[in-house]
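Got the model loaded in your viewer? Keep the selection box handy and we'll walk through it stop by stop.

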Amino acid sequence: MAEHRTMQRGALLDAARSLLSEGGTEALTFPALAERTGLARSSVYEYFRSRAAVVEELCAVDFPVWAAEIESAMDLAPSPEDKVEAYVRRQLELVGDRRHRAVVAISASELDAGAREKIRAAHGALIAMIVEALAELGQSEPRLSAMLLQGMVDAAVRRIELGAAEDPSAIADATVAMALRGVRG
């Protein structure tokens, strides 16, 4: 029975990822989740009390997965500059990944305080990954620099998500070039 519940919970999360990446937060409704998974709407409520709870769980499950991918790309980078490049490039490469798109699609204003706090903490963990490399590059305010760098990455993510005129690789190259010029001072 527990295994069956775990499978259904997984199916609901997978359906939520698809709905979010296809239509953003508005698309994530309990009737849509029920339809995608073949469960009764009342069954969806047995797993999650609200949309915010679905989003919270998605963040808890998915964020560490892609954070680990970014971290492993950075671990392979020999120099602080290479770490910055890996940090930027790996995030932009993950834009097409449904897990990433689902987390990005979540508008914080629609969530309860608990879910917003989880997202903030996850973003904080992401930013913490790059602080040391920025300090090694001589940044006097490495945490502030990390936040600004992440803002640039977020802008590039949005540009790619919008299907901008530029090729995603051109957006990645421009972001890396700006980031490296900026962090070198």
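Start by selecting Ala34, which sits in helix α2, residues 30-37. Helices here are DSSP runs of H or I with at least four residues, strands are E runs of at least two, and both are numbered from the N terminus. Is Ala34 buried or exposed? With a relative accessibility of 9%, Ala34 is classed as buried; the cut-offs are under 20% relative accessible area for buried, over 50% for exposed and partly exposed in between, using a 1.4 Å probe on protein chains only.

Before going on, a word on what you're looking at: this is a predicted model, where local features need pLDDT of at least 70, side-chain atom pairs count only at pLDDT 80 or more, and totals for chains, interfaces and linings use all residues. Residues are numbered from 1 along each chain as its sequence is written, and side-chain values use heavy atoms, with hydrogens and water left out.

Now show what surrounds Ala34. Skipping neighbours within four places in sequence, Ala34 is in contact (heavy atoms within 4.5 Å) with Leu39, Ala40, Arg41 and Val44. For a sense of scale, draw a distance from Ala34 to Leu149: 115 residues separate them in sequence, and 39 Å in space, C-alpha to C-alpha.

Next, select residues 29-48. UniProt, in an unreviewed entry, puts the feature "DNA-binding region" there. UniProt positions are given in the numbering used here, feature names are shortened, and annotations may be inferred rather than shown by experiment. In the model, residues 29-48 are 75% helix and 0% strand, with end C-alpha atoms 11 Å apart. Widen the selection to residues 6-66, which UniProt lists as "domain: HTH tetR-type", again in an unreviewed entry. Residues 6-66 come out at 87% helix and 0% strand, and 21 Å lies between the end C-alpha atoms.

Zoom out to the whole chain. How many helices and strands are there? The count is 9 helices and 0 strands. The C-alpha trace spans about 55 × 35 × 30 Å along its principal axes. Of the 185 residues, 43% count as buried. Take the contacts between residues at least 6 apart in sequence, and 65% of them join residues at least 24 apart.

Pick α1 (residues 2-27) and α4 together. Their axes are 10 Å apart and the packing angle is about 105°; axes are lines fitted to C-alpha atoms, for helices over the stretch in contact, and angles run from 0 to 180 degrees between N-to-C directions. That makes α1 roughly perpendicular to α4, given that 65 to 115 degrees counts as roughly perpendicular, under 35 as roughly parallel, over 145 as roughly antiparallel and the rest as oblique. Show side chains at this contact, including Leu13, Ala16 and Leu20 of α1 and Val54, Leu58 and Val61 of α4.

Then find Asp112, in the loop between α6 (98-105) and α7. Asp112 is partly exposed, at 30% relative accessible area. Beyond its neighbours within four places in sequence, Asp112 is in contact with Arg49, Ala52 and Glu56. Glu56 is 56 residues from Asp112 in sequence, yet their C-alpha atoms are 9.4 Å apart.

On to α5 and α8. Their axes come within 10 Å and cross at roughly 30°, which makes α5 roughly parallel to α8. Val84, Tyr87, Val88, Gln91 and Leu92 of α5 meet α8 residues including Leu149, Val153 and Ile160. Add α9: α8 and α9 pack at about 165° with axes 10 Å apart, and are therefore roughly antiparallel to each other. Among the residues that meet there are Met152 and Ala156 in α8, and Ile171 and Thr175 in α9.

Finish in the largest nonpolar core, which has 35 residues; Ile70, Val84, Tyr87, Val88, Leu92 and Ile130 have the most contacts inside it. A nonpolar core is a set of buried Ala, Val, Leu, Ile, Met, Phe, Trp, Tyr and Cys residues joined through side-chain atoms within 4.5 Å. Two or more residues each come from α4 (51-75), α5 (80-93), α7 (113-136), α8 (142-161) and α9 (168-184). Which helix gives the most? That is α7, with 8 residues. For one last click, select Leu92: not counting residues up to four places away in sequence, Leu92 touches Val153, Ala156, Val157, Ile160, Ala172 and Thr175.
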